[in-house]
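Please work through the following exercises with the sequence and the structure at hand. Each task is followed by a stepwise solution.

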Amino acid sequence: MTGTAIQVKGLQKSFKQLHVLKGVDLVVERGSIFALLGSNGAGKTTVVKILTTLLKPDGGTASVNGYDIASKPDRIRQSISLTGQFAAVDEILTGRENLIMIAKLRHLKDPHQIADDLLKRFGLIEAADRRVSAYSGGMRRRLDVAMSLIGEPQLIFLDEPTTGLDPEARIEVWKTVKELAESGTTIFLTTQYLEEAEQLADRIAILHEGRIIANGTLAELKKLLPSAKVEYVEKQPTLEEIFLAIIGKEEEK
Amino acid sequence: MEAVKRHFFSDMGVMLGRSMRHIIRSMDTIITVTIMPIAFMLLFVYVFGGAIQAGTDNYVNYLLPGIFLIAIASGIAYTAYRLFVDMQSGIFERFHSMPIARSTVLWGHVLTSLVSNGISIIVIILAALIMGFRSSAGVLSWLAVAGILVLFTLALTWIAAIAGLSAKSVDGAGAFSYPIVFLPFISSAFVPTGSMPSGVRIFAENQPVTSIVEAIRALLSSQPVGNDIWVALSWCVGIMLVAYIFAMRAYRKRV
């Protein structure tokens, strides 16, 4: 399926004196991974909240899956999922109960089967009947993403999905995101890690001081820089590479 | 929108099931809302009771309405706490970005408050029966008692909602309930107000707990309820409406 999943024009939002979004324009193609890159406080989460109907913009228009955010918020909620910045899981319930709860709220048939399938797919079978408060950060994120997949939404919002995760868990999340995109789901993700955007995204937009200051594929963004010079630099392994080598995991490219 | 409305009750059921699980898994909650009031009852009946001149030969009968109110007042502190925790974690935003009636997120907590307080009241009545509580009240009187307690619970639940929605910290979310738990002690719940010094007595006789306690006590002992029931109902409904308006204002500020 091709077409536009998200179209945003002139989006504005202020909180009291603070003018957070000063006219954001962006387009996300269906089936792609789109990364919104920006430093802390740049307004990434505000964009996500507006597009997921949690906040109303002060100005501008936006449509999600073809529905206008102002007039058809219910339709949008039917077709999206949000994985917020803080893991949106119920700590006191078990992993399985969390999944069943969301399946019931989406009024699907056989919530237990859906939970079983997702537990298997996300490697959470063993932890299924443990309370989420005992989960590691990575497991919690995996459950969080699994909960967002219930009901097979066409579009998934991931707000800083790897913030606070260790490198191993981060790679796990990346793998999941890539698999999702391969199955045709559109993914809108925000991140403050350049590497994450580079790893995952088909298109990258940089949000800075309330505006999108650059937007394109990685190759296009690279062209914005002066042409590459050839230099001889001794390649030192990064600490992350060392860490991963020592613990015996290989980064999957 | 129609589809969303059609599922209102099943969504409420899911929300109720969720927070009832929270209660069952929290030993702390069970102790505070059920075991504590029963311990109070034991203490007052078997330790202080002998020295209290309540003008009745069955002190458990005299005391029980006040114990109900203490149980409910400590129960709603947890409603505020659960609401606060939901607002802090991402789960609230997840629910709000899903195709469900948004009001079920808040009303689920209100329903949980009613159900859980109802259960703890039943447990307390059973304990009171073992301790010698007897009532000559008929079905209609019991229904009237249940009605007053439901209104009292709703009134306090909406106060709890204000605290849960606007608190800045977990401690703040629960702290508002202490004065409410304390109110029955300065009322006719444990001792007749006649023995109190005049300043305290004026307060005790005119605060909501006294009229509620007197109304329930009269209903349970098949005495004429007189004016107390109307004063009690006015207090409950009045507090409920005012608290509801402020709770909804706090809620809208958050969404």
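The exercises below treat confidence, salt bridges and surface charge in turn.

This is a predicted model, in which local features need pLDDT of at least 70 and side-chain atom pairs count only at pLDDT 80 or more, while totals for chains, interfaces and linings use all residues. Residues are numbered from 1 along each chain as its sequence is written, chains are lettered from A and ligands numbered from 1 in the order in which they are written, and side-chain values use heavy atoms, with hydrogens and water left out.

**Exercise 1. State the confidence of the model and of chain B.**

Step 1. The model has an ipTM of 0.84 and a pTM of 0.83.
Step 2. In chain B the average pLDDT (the predictor's confidence in each residue, from 0 to 100) is 89, and 98% of the residues score at least 70.
Step 3. Within chain B, the lowest confidence falls in helix α1 (residues 2-6), with a mean of 63, and the highest in helix α7 (residues 139-166), with 94. Helices here are DSSP runs of H or I with at least four residues, and strands are runs of E with at least two, numbered from the N terminus.

**Exercise 2. Analyse the salt bridge between A:K13 and A:D58.**

Step 1. A salt bridge requires a side-chain nitrogen of Lys or Arg within 4 Å of a carboxyl oxygen of Asp or Glu. For A:K13 and A:D58 the N to O distance is 3.7 Å.
Step 2. A:K13 belongs to strand β1 (residues 4-15) of chain A and A:D58 to the loop between α1 (44-51) and β4 (59-64) of chain A, so the pair ties together parts that are 45 residues apart in sequence.
Step 3. A:K13 counts as buried because its relative accessibility is 10%, whereas A:D58 is exposed, at 51%. Buried means under 20% relative accessible area, exposed over 50%, and partly exposed in between (1.4 Å probe, protein chains only).

**Exercise 3. Which residues are linked with A:D90 in a network of salt bridges?**

Step 1. The side chains of B:R18 and A:D90 form a salt bridge of 2.5 Å, N to O.
Step 2. This pair crosses between chains, from helix α2 (residues 8-24) of chain B to the loop between β6 (80-83) and α3 of chain A.
Step 3. Both B:R18 and A:D90 are buried.
Step 4. The network links A:D90, B:R18 and B:D86.

**Exercise 4. Is B:D171 buried or exposed?**

Step 1. B:D171 is part of helix α8 (residues 170-175) of chain B.
Step 2. Its relative accessibility is 65%, so B:D171 counts as exposed.
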